[in-house]
Amino acid sequence: MSEPEVFEVFAIKYARHDRTAELNFMDSSDFHDSNMPIDYFVWVARSKNRTYVIDTGFNTKTASKRNKEIMRCPVESLKLVDVDPADVENVIITHLHYDHVGNFDLFPNCKFHLQEDEMSYATGKYMGHKHFRHPFDVGHVTGMVREVYKGRVQFHDGDAELAPGFSIHRIGGHTAGLQVVQVYTKRGWVVLASDASHLYGNMELENPYPIIFKSNEMVEGFQKLRDLADSNDHIIPGHDPLVLDYYPALSDDLEGIVVRLDVAPSKG
Ligand SMILES: [Zn+2]
């Protein structure tokens with residue numbers, strides 16, 4: 001195997017939702033309906049040779065439809081880390097929920113990396129049920145089907161190394177084909193968990209987020225995250241506002257917007 005490339009990794013926050021804990025945990029009895037907002041992110045991993053964008057967020061139209069507060073266009077925000085969407089060649093879609101795949105149309109030149117299981121799930125019989133269908137947007141799903149017909153979707157079945165130091169891993173659980181990213185950085189192997197663990201608390205307490213396709217895969221996925229990462233501090237949950245507290249801002253003016261994940265967190 002060739003030496004892993006060293007990647008810089010950034011999280012960019014673009015939206016937030018104020019809510020109570022019962023929306024974030026299957027068992028919320030310990031939280032007494034306390035306020036527990038979630039944040040929405042896209043991620044970028046960049047080495048000397050290549051750039052990967054992980055997820056594409058949602059837009060203002062979706063935000064108003066779903067009663068969410070959007071702060072900035074997640075794709076426009078890539079410019080904050082000097083990434084021009086028109087130059088991006090590879091976008092990882094962790095799963096097809098509305099908040100991870102909206103805006104895919106703003107990447108004119110990329111290939112989308114998606115698990116086969118995810119596309120069959122999003123276009124198959126389970127979408128006949130509101131519980132499973134609700135976090136999807138049929139416009140996004142049919143849009144991705146069109147991208148398949150343009151030859152722009154690269155399907156994966158399980159794990160795949162896309163470059164030395166950058167790989168994707170199917171976990172499932174939250175959706176049938178949810179995948180996470182393992183990326184090599186100067187502090188070792190970092191895992192972008194996306195919705196394999198929305199919050200630190202989901203994996204730490206083994207208390208899953210309640211939007212769930214297969215709870216067995218979700219719970220086993222928490223261990224898979226630990227296996228893929230150099231330590232628990234190398235796992236980045238998909239929606240936790242604490243990420244912005246633990247990791248340093250890219251610069252003073254990007255405080256609360258862009259943090260570096262390739263440096264150790266400080267949990268003081
Ligand atoms: Zn999701």
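How many helices and strands are there in the chain? Let's start there. This is a predicted model, by the way, so keep that in mind as we go. The chain has eight helices and 13 strands. Its radius of gyration is 17 Å, and the globule rule gives 18 Å for 268 residues, so the chain is as compact as a globular protein of that length. If you draw a box around the C-alpha atoms along the principal axes, you get roughly 50 × 45 × 35 Å.

Two more numbers for the whole chain. Of the 268 residues, 43% count as buried. And if you take the contacts with a separation of 6 or more, 64% of them are between residues 24 or more positions apart.

Okay, now the part I'd like you to look at: a sheet, and a helix that goes with it. Five strands form an open sheet, and the order is 8-9-10-11-12, with mixed pairing. At the edges you have strand 8, residues 160–163, and strand 12, and each of those pairs on one side only. From one strand to the next, the twist averages 25°.

Let's walk across. Strand 8 pairs with strand 9 in the antiparallel sense, over three bridges. If you want a spot to put your cursor, A160 stands opposite I168 in strand 9. Those two strands make a hairpin with two residues between them, and G165 there takes a positive phi, near 95°.

Next is strand 9 itself. Is strand 9 buried or exposed? Five of its five residues are buried, so the strand is largely enclosed by the rest of the structure. You can see that on both faces: F166, I168 and R170 sit on one side, S167 and H169 on the other, and they're all buried. Here's the general background: side chains in a regular strand alternate between the two faces of the sheet.

Moving on, strand 9 and strand 10 run antiparallel, joined by five bridges. F166 has V183 as its bridge partner in strand 10, and I168 stands opposite V181. So what does strand 10 look like? Mostly covered: seven of its seven residues are buried. Q179, V181, V183 and T185 point one way, while V180, Q182 and Y184 point the other way.

From strand 10 we hop to strand 11. Again it's five bridges, and again the two strands run antiparallel. These two form a hairpin as well, with two residues between them. On strand 11, L192 is the bridge partner of V181, and V191 is the residue that Q182 stands opposite. Notice that V181 has turned up twice now: I168 is across from it in strand 9, and L192 is its partner in strand 11.

Now for the helix. Helix 7 packs on this sheet, where it touches strand 9, strand 10, strand 11 and strand 12, and its direction makes about 155° with that of strand 11. Helix 7 covers residues 215–228, which is 14 residues, and it reaches 20 Å from its first C-alpha to its last, close to the 20 Å expected at 1.5 Å a residue. There is a bend, though, of about 30° at G221.

Which residues of helix 7 are buried? They are M218, G221, F222, L225 and L228. A bit of background for that spacing: an α-helix has 3.6 residues a turn, so residues three or four places apart point the same way. As for what covers those buried residues, the list includes strand 9, strand 10, strand 11, helix 6 at 200–204, and strand 12 at 235–237. And G221 is both a buried residue and the place where the helix bends.

Two quick stops before I finish. Helix 5, residues 138–149, has 12 residues and reaches 17 Å end to end, C-alpha to C-alpha, close to the 16 Å expected. After helix 5 comes G151, whose phi is positive, near 75°.

The other stop is P108, out in the loop between helix 2 (98–101) and strand 6 (111–115). Why does P108 count as exposed? Because it has just 10 other C-beta atoms within 10 Å, and the cut-off for exposed is 12 or fewer. P108 and V88 are 20 residues apart in sequence, and their C-alpha atoms are 8.4 Å apart in space.

That's the tour, thanks.

Key: Residues are numbered from 1 along each chain as its sequence is written. This is a predicted model: local features need pLDDT of at least 70, side-chain atom pairs count only at pLDDT 80 or more; totals for chains, interfaces and linings use all residues. Helices (H or I, at least four residues) and strands (E, at least two) are DSSP runs, numbered from the N terminus. The expected span of a helix is 1.5 Å times one less than its number of residues. The bend at a residue is the angle between axes fitted to the seven residues ending there and the seven starting there. A residue is buried if 20 or more other C-beta atoms lie within 10 Å of its own, exposed if 12 or fewer, and partly exposed in between; C-beta atoms are placed from the backbone. Two residues are in contact if their C-beta atoms, placed from the backbone, lie within 7 Å. Two strands pair if DSSP finds at least two bridges between them. Axes are lines fitted to C-alpha atoms, for helices over the stretch in contact, and angles run from 0 to 180 degrees between N-to-C directions. The radius of gyration is taken over C-alpha atoms; the globule rule is 2.2 Å times the number of residues to the power 0.38.
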